[in-house]
Amino acid sequence: MQARNGKGPVIKLAVMLLGDGWIEKDRIGYASKDDTLLEYFNQLTKNLVGKSAKIRLSDRAFKAVVYSTSLVKSLKKLSPTFRTKRFEDGTFPPAKIPDETFELPKDKITEILQLIFSMEGGVSVYARKSKKDYFTVERKVFLSCAHPNLTKQYVKLILSVIPELK
């Protein structure tokens with residue numbers, strides 16, 4: 001899809017904003033402690049609007065901000081909102097992964113999933129004692145998301161590239 005209509009970078013940016021970012025009237029922002037993710041956000045915005053992100057240290061992480069009303073308009077066409085935090089009444093906002101994401105080729109979906117797992121996932125490695133007095137190492141890859149709609153969409157993306165998990 002990226003080669004056909006050039007939406008690949010905008011979709012990746014939208015996914016990043018759904019993870020650890022925000023959109024305001026004339027700017028987008030992304031917060032992370034991970035230098036690689038901050039640099040990736042900066043590259044995406046530079047390629048899309050020709051502007052580098054201004055990166056500042058806040059109290060818990062680095063925040064990258066880019067001012068661009070045209071980029072904000074493009075992103076708002078992809079998802080009704082980029083807020084994912086639960087409201088005080090217990091409901092969730094209608095955030096969603098852009099529909100175009102599911103039409104991407106498998107290799108592009110795996111790139112999107114790598115980005116999602118980099119932001120919202122992790123790896124757990126621990127020793128477990130077996131029944132025969134020796135230890136084995138167990139590894140688990142996990143993805144954590146509280147938003148019910150995004151959780152369903154993440155599963156749908158994973159199943160689209162690994163159908164044997166169905």
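**Pockets and helix packing in the predicted model**

The second largest pocket encloses a volume of about 200 Å³. A pocket here is an open set of points on a 1 Å grid over the protein atoms alone, where a 1.4 Å probe fits, with protein on both sides within 12 Å along at least five of seven lines. This is a predicted model, in which local features need pLDDT of at least 70 and side-chain atom pairs count only at pLDDT 80 or more, whereas totals for chains, interfaces and linings use all residues. Residues are numbered from 1 along each chain as its sequence is written, and side-chain values use heavy atoms, with hydrogens and water left out.

**Second largest pocket**
- The lining comprises 13 residues (each with an atom within 4 Å of a point), and those closest to the pocket centre are W22, I23, T81, F82 and R83.
- Two or more lining residues come from each of α2 (8-20) and β1 (21-23); helices (H or I, at least four residues) and strands (E, at least two) are DSSP runs numbered from the N terminus.
- The lining is made up of 6 nonpolar, 4 polar and 3 charged residues, with Asp, Glu, Lys and Arg counted as charged, Ala, Val, Leu, Ile, Met, Phe, Trp, Tyr, Cys and Pro as nonpolar, and the others, Gly among them, as polar.

**Largest pocket**
- The volume of the largest pocket is about 380 Å³, a volume being the space filled by probe spheres set on the points.
- Lining this pocket are 14 residues, of which D20, A31, S32, R60 and A61 are the closest to its centre.
- At least two of the lining residues are supplied by β2 (27-32), and at least two by α5 (106-120).
- In the lining of the largest pocket, 6 residues are charged, 5 are nonpolar and 3 are polar.

**Overall architecture**
- The protein chain contains 6 helices and 6 strands, arranged along the sequence as α-α-β-β-α-β-β-α-α-β-β-α.
- Along the principal axes, the C-alpha atoms of the chain fill a box of roughly 65 × 40 × 35 Å.

**Packing of α2 with α5**
- The axes of α2 and α5 lie 10 Å apart, at an angle of about 20° (lines fitted to C-alpha atoms over the stretch in contact, with angles from 0 to 180 degrees between N-to-C directions).
- The two helices are therefore roughly parallel, a class that covers angles under 35 degrees.
- On the α2 side, the contact (heavy atoms within 4.5 Å) involves I11, K12, V15, M16, G19 and D20, and on the α5 side E111, I112, L115, I116, M119 and E120.
- The residues of this contact comprise 7 nonpolar, 4 charged and 1 polar.

**Packing of α2 with α3**
- Helix α3 (residues 35-49) and α2 have axes that come within 10 Å and cross at roughly 140°.
- Helix α2 is therefore oblique to α3, the class left once angles under 35, over 145 and from 65 to 115 degrees are set aside.
- P9, V10, K12, L13, M16 and L17 of α2 meet L37, Y40, F41, L44, T45 and L48 of α3.
- Of the residues in the contact of α2 with α3, 10 are nonpolar, 1 is polar and 1 is charged.
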